[in-house]
Amino acid sequence: MTTRWLTPEEQRAWRAYVAGYSLLEDAIDRQLQQEAGMPHLYYSILANLSETPERRLRMTDLAERLKITRSRLTYAVSRLEKDGLLRREECRWDKRGSVAVLTDKGMTVLEGVAPGHVGTVRAALFDRLTPEQVGQLEEIFTQVARGLQENDGEAAPEDLPWRRRSSPCSGTS
């Protein structure tokens, strides 16, 4: 098999993406650590739960929304549960599963930190783009995500992070 090396244009685009993503994630993490003592992942868990009915979601579905392994989610949820920001309950319709529930304390923390988070995202990303570029960004990453989640129109069951049984993190959900 012959390697299809990146063209100079593709190489520049790839390196720009890697640099931009790394710097953006660092800026978001720094803001969240300073204001709430939590990494971006923990904020994302709280934010996702806040957007669901009754602020609850099955752990497997939450892992899928976040595009992370179940074991990584379990570790993060354990930490958030220890801080009283969420709790786990047994799944009523599937005794093997569990549900993450955002507590009132978690909602209060989220509401307090959200304005700073949005300000950081806006200043670091959206204020630097034209409305046309925002549309292009959405289009590009929707296409990338769709392509990575589908296998001939079907989801590739074991290749997706939230379906993996194990990862370097400990624990399972």
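The following exercises, each with a worked solution, concern the predicted model shown above.

Local features rest on pLDDT of at least 70 and side-chain atom pairs on pLDDT 80 or more, while totals for chains, interfaces and linings use all residues. Residues are numbered from 1 along each chain as its sequence is written, and side-chain values use heavy atoms, with hydrogens and water left out.

**Exercise 1. Overall composition**

Task: State how many helices and strands the chain has, and in what pattern they follow along the sequence.

Solution.
Step 1. Helices (H or I, at least four residues) and strands (E, at least two) are DSSP runs, numbered from the N terminus.
Step 2. Under this assignment the chain has 6 helices and 5 strands.
Step 3. Along the sequence, their pattern is α-α-β-α-α-β-β-α-α-β-β.
Step 4. For burial, the classes are buried (under 20% relative accessible area), exposed (over 50%) and partly exposed (in between), with a 1.4 Å probe and protein chains only. Of the 173 residues in the chain, 31% are buried.
Step 5. A contact means heavy atoms within 4.5 Å. Among the contacts in the chain with a separation of 6 or more, 57% are between residues 24 or more positions apart.
Step 6. The accessible surface, from the Shrake-Rupley method with a 1.4 Å probe (for residues, only the protein chains shown count as cover), comes to about 11,700 Å², and carbon and sulfur atoms hold 52% of that surface.

**Exercise 2. The sheet and the helix packed on it**

Task: Determine the strand order of the open sheet of 3 strands, and describe how helix α2 packs on the sheet.

Solution.
Step 1. Two strands pair if DSSP finds at least two bridges between them.
Step 2. The strand order is β1-β3-β2, and the pairing is antiparallel.
Step 3. β1 (56–58) and β2 (86–90) are the edge strands, each pairing on one side only.
Step 4. Axes are lines fitted to C-alpha atoms, for helices over the stretch in contact, and angles run from 0 to 180 degrees between N-to-C directions. On average, neighbouring strands of this sheet are turned by 25° against each other, direction ignored.
Step 5. Between β2 and β3 (residues 98–102), which run antiparallel, there are 5 bridges. One bridge partner in β3 is S98, which is matched with E90.
Step 6. Helix α2 (residues 40–50) packs on this sheet and touches β1, β2 and β3, with its direction at about 90° to that of β3.

**Exercise 3. Burial of α2 and of H117**

Task: Explain why α2 is described as largely enclosed, and identify the contacts of H117 beyond its sequence neighbours.

Solution.
Step 1. Helix α2 is largely enclosed by the rest of the structure because 10 of its 11 residues are buried.
Step 2. The buried residues of α2 include H40, Y43, I45 and L49.
Step 3. H117 is found in helix α5 (residues 104–124). Because its relative accessible area is 10%, H117 is buried.
Step 4. Leaving aside neighbours within four places in sequence, H117 contacts I28, Q31, L32, H40 and Y43.

**Exercise 4. Salt bridges**

Task: Characterise the salt bridges of D26, R88 and D127 by partner, N to O distance and exposure.

Solution.
Step 1. A salt bridge is a side-chain nitrogen of Lys or Arg within 4 Å of a carboxyl oxygen of Asp or Glu. The structure holds 7 salt bridges.
Step 2. D26 pairs with R30, with the closest N and O atoms 2.8 Å apart. Both residues lie in helix α1, 4 residues apart, about one turn of the helix. An α-helix has 3.6 residues a turn, so residues three or four places apart point the same way. D26, at 36%, is partly exposed, and R30, at 45%, is partly exposed as well.
Step 3. R88 meets E81 at 3.0 Å, N to O. R88 is partly exposed at 28%, and E81 is partly exposed at 28%.
Step 4. D127 pairs with R122, the closest N and O atoms being 3.8 Å apart. D127 is exposed at 53%, whereas R122 is partly exposed at 46%.
Step 5. In addition, E54, R56, R87 and E89 are joined into one network by salt bridges that share partners.
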